[in-house]
Amino acid sequence: MHETLAQRLTVALPLVGVVLLVASMLLPTQFAVFAWGLALISFLTALSCALFAQHQRRAEKRVIRL
């Protein structure tokens with residue numbers, strides 16, 4: 001089964017967020033705040049991609065049953 005873009009982003013974006021959070025520990029305060037903001041955006045985008053992928057999967061199952 002092939003993976004959709006939403007499924008790939010669901011895996012990749014939390015990893016990007018973790019990297020940004022780890023990097024924020026090594027950065028000066030102003031850059032750390034920016035890194036935290038980007039990490040938050042990354043996690044929220046991953047969450048929305050996961051919800052979208054789940055919605056697509058459920059829609060496919062409904063079509064198959066009909």
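Relative accessible area sorts residues into three classes: buried means under 20%, exposed means over 50%, and partly exposed lies in between (1.4 Å probe, protein chains only). The model on screen is predicted, so local features need pLDDT of at least 70, side-chain atom pairs count only at pLDDT 80 or more, and totals for chains, interfaces and linings use all residues. Residues are numbered from 1 along each chain as its sequence is written, and side-chain values use heavy atoms, with hydrogens and water left out.

**Whole chain**

Show the protein chain as a cartoon. Two helices and zero strands make up its secondary structure; helices (H or I, at least four residues) and strands (E, at least two) are DSSP runs, numbered from the N terminus. Turn the C-alpha trace to see its principal axes, along which the span is about 55 × 20 × 10 Å. The radius of gyration is 16 Å, where a compact globule of 66 residues would have a value near 11 Å. That radius is taken over C-alpha atoms, and the globule rule is 2.2 Å times the number of residues to the power 0.38. Of the 66 residues, 18% are buried.

**Helix H1**

Select residues 5–24, which form helix H1. The helix has 20 residues and reaches 28 Å from first C-alpha to last, close to the 28 Å expected at 1.5 Å a residue; the expected span is 1.5 Å times one less than the number of residues. Colour Ala-6, Gln-7, Leu-13, Gly-17 and Ser-24, the buried residues to pick out in H1.

Now centre on Gly-17. Gly-17 counts as buried because its relative accessibility is 0%. Leaving aside residues up to four places away in sequence, Gly-17 touches Ala-39, Ser-42 and Phe-43; contact means heavy atoms within 4.5 Å.

**Helix H2**

Move to Phe-43, in helix H2 (residues 29–65). Phe-43 is partly exposed because its relative accessible area is 32%. With residues up to four places away in sequence again set aside, Phe-43 touches Pro-14, Gly-17, Val-18 and Leu-21. Measure from Phe-43 to Val-18: they are 25 residues apart in sequence, and 9.0 Å apart from C-alpha to C-alpha.

**Last stop**

Switch to a surface view and select Val-18, Val-22, Met-25, Leu-26 and Phe-43, which form a nonpolar patch with about 520 Å² of accessible area together. Accessible areas come from the Shrake-Rupley method with a 1.4 Å probe, and for residues only the protein chains shown count as cover. Within this patch, Val-22 belongs to helix H1.

Conventions
Patch = residues over 30% accessible without salt bridge, like charges linked within 9 Å, V, L, I, M, F, W, Y side chains within 5 Å. Salt bridge = Lys/Arg side-chain N within 4 Å of Asp/Glu carboxyl O.
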